[in-house]
Amino acid sequence: MATTNEYTPSTTTGRLANFVDSRVGASGMVKEFGRKIFPDHWSFMFGEVALYTFVLLLLSGTFLTFFFDPSMTHITYNGSYVPLKGIGMSAAMASTMDISFDVRGGLFMRQVHHWSALLFVASLSVHMLRVFFTGAFRRPRELNWVVGGVLLIMGLAAGFTGYSLPDDLLSGNGLRIIDGVMKALPIVGTYLSMFFFGGEFPGVHVIPRLYSLHIMIVPAVIILLLVIHLFMVVTHKHTQYPGPGRTNDNVVGFPVGPVYAAKAGGFFFIVFGIVAFISGLFQINPIWNYGPYDPSPVSAGTQPDWYIGFVDGALRLMPGYLGNFSFEWIIPFPWGDNTLVLSVLLPALVPAGVLFMVMFAWPWIERWVTKDNREHHLLDRPRNAPFRTAMGAAGVVFYCVMWAAASSDLIATHFHVALNDVTYWLRILFFLGPIFAFWITRRICLSLQRKDREIVLHGREAGIIQMSPEGGFSEKHEEVDVYKRFLLTSYNDNKYIPAQPDAAGHVSGSEKRRAALSKFFFEDRVAPVTPSELEAAHAAHGHHEVEGEKQDSIEK
Amino acid sequence: MKALSKKRRHPLAAVALLLFGLLVTGSLYTAAGSISEAKAADTTSASVTDVEEGQKLFVANCATCHGMSAEGTADGPSLIGVGAAAVDFQVGTGRMPMQMQGPQAQAKPVQFDDEQISQLSAYVASLGAGPAIPGEDVLDTTQGDAAQGGTIFRVNCAMCHNAAAGGGALTRGKFAPTLAGVSEKHIYEAMATGPQNMPVFNDSNITPDDKRDVITFLKTIEANGSAGGAALGNLGPVAEGLFVWTAGLGIIIAFTIWLTSRPS
């Protein structure tokens with residue numbers, strides 16, 4: 001890489017730079033990477049927020065490890081928080097209390113760590129929603145979508161293992177639920193629980209074990225996946241929204257050096273500032289309120305952090321009995337009866353499983369149904385992919401119903417409704433919500449597409465009311481400019497593809513299923529305006545042919 | 001001892017054993033019962049005129065539901081034996097007279113002055129022995145142990161009132177209210193009488209000293225405020241999650257829009 005011929009720099013800085021460059025070849029990398037173009041849009045920045053909050057998590061987390069004692073040894077608290085003075089608790093809880101009340105800046109760092117954790121998973125989620133709704137996961141980015149999904153799961157794992165570490169009442173209740181889910185598994189359940197907790201719950205081993213996972217394994221996996229993720233972003237180049245001059249073969253935006261280096265560097269400090277601002281002014285996870293963990297008390301308002309909430313909500317929604325039908329099955333085995341507790345296993349594993357399976361498989365499902373194996377570097381406006389947007393909305397509603405169920409008690413007290421009614425309504429919405437969301441979202445998308453067609457063919461409403469000589473009123477329509485028209489007409493149009501016979505002339509079962517799905521997705525569709533339609537519309541309006549009409553063509 | 005074991009097959013042995021057992025159980029029960037009864041009986045003595053005035057107030061304001069002589073009707077329970085503490089709590093926090101029938105009586109502006117409340121209490125206390133209005137010594141939070149009270153609170157109260165006493169939901173529209181801003185006397189009376197859906201924590205269950213510890217704990221955490229900044233209602237992770245999705249992401253999005261506002 002480095003071409004060290006006869007160049008001799010004259011200044012000290014130059015000599016230093018040349019010394020380094022001739023050995024590591026940095027200038028080549030800067031030349032290559034520094035001229036890399038990234039498109040500019042606010043919705044492209046959530047991944048960056050996730051990255052920066054992760055850096056914050058590493059920094060604040062390292063600070064916390066200096067003072068945290070991950071041990072379940074029983075000691076008596078003697079720190080400065082009076083309402084817990086003289087109370088027995090684990091060393092983990094006591095050291096967290098010390099971080100909060102006796103370490104200078106400790107409470108602030110704890111709050112930075114916890115608020116950035118919440119923001120980390122939130123920005124990951126929003127980033128994934130952006131990628132999904134704009135179709136950025138299509139070829140060649142399917143694998144990066146999967147890596148992103150695994151990153152989300154690792155984010156949840158990091159969050160949950162960290163949430164349990166202080167060994168306070170709230171997190172202990174959370175671990176008890178994990179213990180319950182493990183024990184609901186038939187045959188292996190009790191063994192699994194005993195193995196995980198090193199004996200009967202809560203035991204004395206689980207906090208040190210979770211600590212090892214939380215500070216070593218999980219962050220290491222996240223860093224590894226992050227590197228793969230970013231490497232693939234560089235390889236694939238960034239996607240961009242459609243617009244004049246933006247094609248599948250170019251990227252329109254600013255280069256990394258100097259624009260994005262400055263913007264991204266500045267943005268890191270902005271995120272840092274926002275998190276510090278929130279952490280300084282808003283309390284999070286006040287473990288001194290909850291007190292040390294003790295398996296007997298369970299506080300009202302016990303919830304997990306927001307990202308685990310949907311699983312907690314599913315557990316809350318699940319009935320133990322349906323009429324006379326019990327979800328707790330006793331299965332006779334040769335060695336005795338084993339219990340299969342479906343009222344715990346179904347809600348704890350199935351909704352999350354379905355959600356993540358569909359999420360991971362979606363790029364392949366879409367490719368299979370649409371038979372679209374082309375590379376896509378231009379994003380879809382969500383309205384221009386009504387089937388995908390509707391599926392996404394159904395998934396979001398499915399998630400949010402469970403999410404809301406996790407706060408059913410707070411909904412009941414704050415909106416003055418009965419807790420039971422909240423549960424009944426959410427149970428109905430659990431099944432009907434996604435269906436209605438799909439249907440309504442698809443209709444909204446199709447209507448928006450029709451509105452776009454209307455604007456292209458007949459112009460936009462100018463807001464100018466004209467009176468004709470006869471006294472009739474009409475609104476003037478203004479033709480949209482050629483750039484706007486390009487945006488409204490050039491989109492990826494998926495059509496219903498009937499079942500195709502294979503080489504032997506046979507229509508396979510899976511092909512029939514694909515065709516049925518394709519019909520379901522694309523039966524109702526609004527086609528983009530074609531040049532001939534536009535011409536006909538202009539002729540009807542008495543216009544002459546418009547300049548630049550050729551480039552509006554969608555047939556590429 | 002040998003003589004006793006020889007007689008164990010005597011026809012009357014079973015009867016004797018039964019009698020012995022009943023005697024032991026009975027005397028233990030009386031002993032245990034007299035502890036709480038002793039407390040219940042020492043109703044603060046009130047003048048006859050207080051009782052008479054209280055009866056007038058009762059007939060005018062309470063009898064519709066509780067009956068002319070507090071014997072109870074289909075709309076309200078009997079008040080005989082509920083004690084002065086129950087009246088002082090229910091009327092003193094504005095829960096009674098009730099605005100309307102519902103899952104539970106709601107706190108609202110207090111309708112009577114202190115004298116009227118004490119007259120009403122005196123009247124109801126005169127109907128039968130019940131928990132008395134607590135004296136100053138069991139309400140003095142300077143003598144209580146906040147840490148001990150916190151432990152009692154977490155084991156007995158937090159499942160409904162929330163570990164930070166922020167309140168919580170119960171079934172079918174009932175709820176446990178927040179304990180912030182409730183006076184020492186009313187907290188004590190609530191524990192002693194079990195208003196609405198709350199269980200009774202009598203003196204043999206949580207002793208007056210323990211009740212004072214609980215009150216001390218509640219008043220300590222109230223006075224301490226929240227160490228880490230705005231408490232977001234002391235509602236735990238739901239409030240925190242809601243905050244990060246609205247305010248947190250909101251500020252972030254505002255900045256991303258600002259950073260990318262120059263069109264490329």
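Start with Asn162 of chain B, which is buried, with 26 other C-beta atoms within 10 Å. You'll find Asn162(B) in the loop between H8 and S1 of chain B. Its backbone has a twist worth a look: phi of Asn162(B) is near 80°, a positive value in a residue other than glycine. Keep in mind that everything here comes from a predicted model.

Now hop over to chain A for a residue to set beside it. Lys371(A) also isn't a glycine, and its phi is positive too, at about 55°. Is Lys371(A) buried or exposed? Lys371(A) counts as exposed because just 11 other C-beta atoms lie within 10 Å, and the cut-off for exposed is 12 or fewer. Asn162(B), by contrast, has 26 such neighbours, and 20 or more are needed to be called buried, so that residue lands in the buried class. Lys371(A) is placed in the loop between helix H13 (342-370) and helix H14 (386-405) of chain A.

While we're on backbone details, check out two peptide bonds. In chain A, the bond from Phe201(A) to Pro202(A) is cis, with omega near -5°. Pro202(A) belongs to the loop between helix H8 (189-197) and helix H9 (206-236) of chain A. Chain B has a cis bond as well, running from Met96(B) to Pro97(B), again with omega near -5°. Pro97(B) is also in a loop, the one between helix H5 (83-92) and helix H6 (114-127) of chain B.

Let's zoom out to chain A as a whole. Chain A contains 19 helices and 10 strands, and its C-alpha trace spans about 90 × 85 × 65 Å along the principal axes. Of its 556 residues, 38% are buried. How many of the contacts between residues at least 6 apart in sequence join residues at least 24 apart? In chain A, the share is 72%.

Among the strands of chain A, look for strand S7 (residues 328-333) and strand S8 (residues 336-341), which run antiparallel and are joined by six bridges. A hairpin takes you from S7(A) to S8(A) through two residues. If you want one pair to find on screen, Ile331(A) stands opposite Asn338(A) in S8(A).

Next come the stretches that a database record flags. An unreviewed UniProt entry annotates "transmembrane region" at several places in chain A, including residues 267-288 and 424-441. What does the model build there? Residues 424-441 of chain A are 100% helix and 0% strand, with the end C-alpha atoms 24 Å apart. Residues 267-288 of chain A are 77% helix and 0% strand, and their end C-alpha atoms lie 34 Å apart. Chain B has an annotation of this kind too: UniProt, again in an unreviewed entry, lists residues 242-260 of chain B as "transmembrane region". That span of chain B is 95% helix and 0% strand, and its end C-alpha atoms are 26 Å apart.

So where do the two chains meet? In the model, 53 residues of chain B are in contact with 59 residues of chain A. Several elements of chain B give two or more residues to this side, among them helix H7 (146-156), helix H10 (208-224) and helix H11 (237-259). The largest share comes from H11(B), with 16 residues. Sorted by class, the side of chain B that touches chain A has 30 nonpolar, 20 polar and three charged residues.

Chain B also has its own internal layout. The domain assignment splits out domain 1 (48-127) and domain 2 (136-224) of chain B, and their C-alpha centres lie 23 Å apart. Their contact takes 14 residues from domain 1 of chain B and 12 residues from domain 2 of chain B. On the domain 1 side of that contact there are seven nonpolar, five polar and two charged residues.

Finally, how far does the predictor trust its own picture? The model scores ipTM 0.89 and pTM 0.87. Chain B averages a pLDDT of 86, and 92% of its residues score at least 70. Within chain B, confidence is lowest in helix H1 (residues 2-6), at a mean of 67, and highest in H11(B), at 94. Over residues 38-43 of chain B, pLDDT stays under 50, and the model has 12 contacts beyond four places in sequence for them.

Conventions. Residues numbered from 1 in each chain as written. Chains lettered and ligands numbered in written order. Predicted model: local features only at pLDDT ≥ 70, side-chain atom pairs only at ≥ 80, totals over all residues. UniProt positions renumbered as here; feature names shortened; annotations may be inferred. Helix = DSSP H or I, 4+ residues; strand = E, 2+ residues; numbered from the N terminus. Contact = placed C-beta atoms within 7 Å. Nonpolar A, V, L, I, M, F, W, Y, C, P; charged D, E, K, R; others polar. Domains from an automatic or database assignment. pLDDT = per-residue confidence, 0-100. Pairing = 2+ DSSP bridges.
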